[in-house]
Amino acid sequence: MKKFVSIFKNKEIVGRIFFTVMILFVIRIGAAITVPGVAVGTELSNAMNSGNAIAMMDLLGGGALSNFSVFALGVSPYITAQIIVQLLSKDVLPALTDLSKQGQYGRKKIEMATRYLALLLGAVQGYGIIMTMKNNSYLTLTMDDSFWTYAYIVTVLLAGSLLEMWLGDQITEKGLGNGISVIIFAGCVRSLPTQISTAWGKWVTANLGHASSDIIQGAFQFALYLLALILVVAGVVFFELARRKIPVQSAGKGGATPSMARASFLPIKVNSAGVIPIIFASSIMMAPSVIASFISADAANAQWLQVFNYSAMYEMPGVNGDTWKMPWGLIIYLVLVIAFTFFYAQMQIDPENLADNFQKNGSYIPGIRPGKETERYVSKVLNRVTFIGAFALAIIAAIPIALTLSGIFGNDSSLAIGGTGMIIVVGVAIEINAQIDGLLAGKSFEEVQGGM
């Protein structure tokens, strides 16, 4: 409560909160404006409740895809471009590698390259989404089915995506938290009240006119649902805050005696990759249908594409004319999530660069020699921690899909508890809380200095 009062006494924090809320309000208005020339069908809302790649894109777009609004692409092209540029900067393209080592100037150039790539990816992704949704009867065109109509719609989607990226930059600069993350955070939080309200209507309101045993059973089911939701949130919070601390010592100036050495820790998060592996895996799972939509309508509706649908069971021929089903899409998706978690963790915490920086700064891990031995030790610890993090992330990503495939919620799979959204919500909430603590600490320091 004391912190809450301190926040509202700090004019800078109140101003940043107000600015962030107003930007999110503008984004919600844009998310309600359907792209001209398009009529959205009822099948689209059903697809959003199925937990497939389209639903994941809607999550990243803050719910804008469900209306096929001007912000339908969201920040997904920018996130994908950012990941690709980061990958290419790791000694794949020498030009990008050199830029990554040139400080502020290099970062600006890399950011510009990322935005150009996001523009290209957005155009391809926009056309692919239009064709995919059109072939699945999610939407119909109210204008002529011509090249210029598609070019017009893609241009509107790109303009919306670029505007949303700019609004995200404004939040980063003048608001609270990382703008892109806050936009996704708002989209995740938006669905929670509706989800709880739907659960209440399904298990409590629907049973009010029935026997007392049905009312008690419905209330018990709703209570279990809320308990499961709380447990998922608690698990994600624990998962996000879990760290492996490696002791590090830095020799003091003028000597390296034990009494002059400064002890500290190198924290390695269990989930150092964040939600990026899930986003990237979802993009790859959607890529085959996007590519097929460029070829023809028949190719876009081909049966083999169901292999990449992680919210459906793929039917295969068996013996004696029987058939059997396997969740190949879910299996491929989880393998990609685990692989990208390991890969991105190595990018975030580069053991080689870390060992070099330790050597330059006179820092060392007690009992470990500087140089190659430090690199091997950090790499070994990182792999062990990431092994736990990768499988935990895969389980969290699989929760809503597994619940949907099990049919536990019947036809209304929107009730499936989404662990992916929870990771985003918790991660951004922790980041915003840390920024607020920093602003409050800065204000307290200024007050102390003023008093002196």
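Of the contacts in the protein with a separation of 6 or more (a contact being heavy atoms within 4.5 Å), 70% are made by residues 24 or more positions apart. The structure is a predicted model, in which local features need pLDDT of at least 70 and side-chain atom pairs count only at pLDDT 80 or more, whereas totals for chains, interfaces and linings use all residues. Residues are numbered from 1 along each chain as its sequence is written, and side-chain values use heavy atoms, with hydrogens and water left out.

The protein contains 16 helices and seven strands; these are DSSP runs, of H or I with at least four residues for helices and of E with at least two for strands, numbered from the N terminus. Its accessible surface, calculated by the Shrake-Rupley method with a 1.4 Å probe, is about 23,400 Å², and carbon and sulfur atoms hold 64% of that surface. Among the 452 residues, 44% count as buried. Buried denotes under 20% relative accessible area, exposed over 50%, and partly exposed the range in between, with a 1.4 Å probe and protein chains only.

The largest nonpolar core comprises 101 residues, and Phe68 and Tyr333 have the most contacts inside it. A nonpolar core is here a set of buried Ala, Val, Leu, Ile, Met, Phe, Trp, Tyr and Cys residues joined through side-chain atoms within 4.5 Å. Helix 15 supplies the largest share of the 101-residue core, with 11 residues. A second, separate core has five residues, including Ala199, Trp203, Phe222 and Tyr225.

Two packed helices are described by the angle between their axes and the distance between the axes. Axes are lines fitted to C-alpha atoms, for helices over the stretch in contact, and angles run from 0 to 180 degrees between N-to-C directions. Helix 2 (residues 11-31) packs with helix 8 at an angle of about 170°, the axes being 9 Å apart. Helix 2 is therefore roughly antiparallel to helix 8; angles over 145 degrees receive this description, those under 35 count as roughly parallel, those from 65 to 115 as roughly perpendicular, and the rest as oblique. Helix 2 contributes Arg16, Phe19, Thr20, Ile23, Leu24, Val26 and Ile27 to the contact, and helix 8 contributes Glu164, Leu167, Gln170, Ile171, Glu173 and Lys174. By class, seven of these residues are nonpolar, two polar and four charged, where Ala, Val, Leu, Ile, Met, Phe, Trp, Tyr, Cys and Pro count as nonpolar, Asp, Glu, Lys and Arg as charged, and the others, Gly among them, as polar. Gln170 of helix 8 is buried, with a relative accessible area of 12%. Residues up to four places away in sequence being left out, Gln170 touches Phe19 and Gly175.

Helix 8 (residues 147-174) also packs with helix 9 (residues 179-203), at an angle of about 110° and with the axes 7 Å apart. These two helices are therefore roughly perpendicular to each other. The contact involves Glu164, Met165, Gly168, Ile171 and Thr172 of helix 8, together with Gly179, Ile180, Val182 and Ile183 of helix 9. Five of the contact residues are nonpolar, three polar and one charged.

Two further residues were examined individually. Ile388, in helix 15 (residues 372-406), counts as exposed, with 55% relative accessibility. Its C-alpha atom is 9.9 Å from that of Phe239, and the two residues are 149 residues apart in sequence. Tyr314, in strand 5 (residues 314-317), is buried, with a relative accessible area of 17%. Tyr314 and Gly329 are 15 residues apart in sequence, with a C-alpha to C-alpha distance of 7.8 Å.
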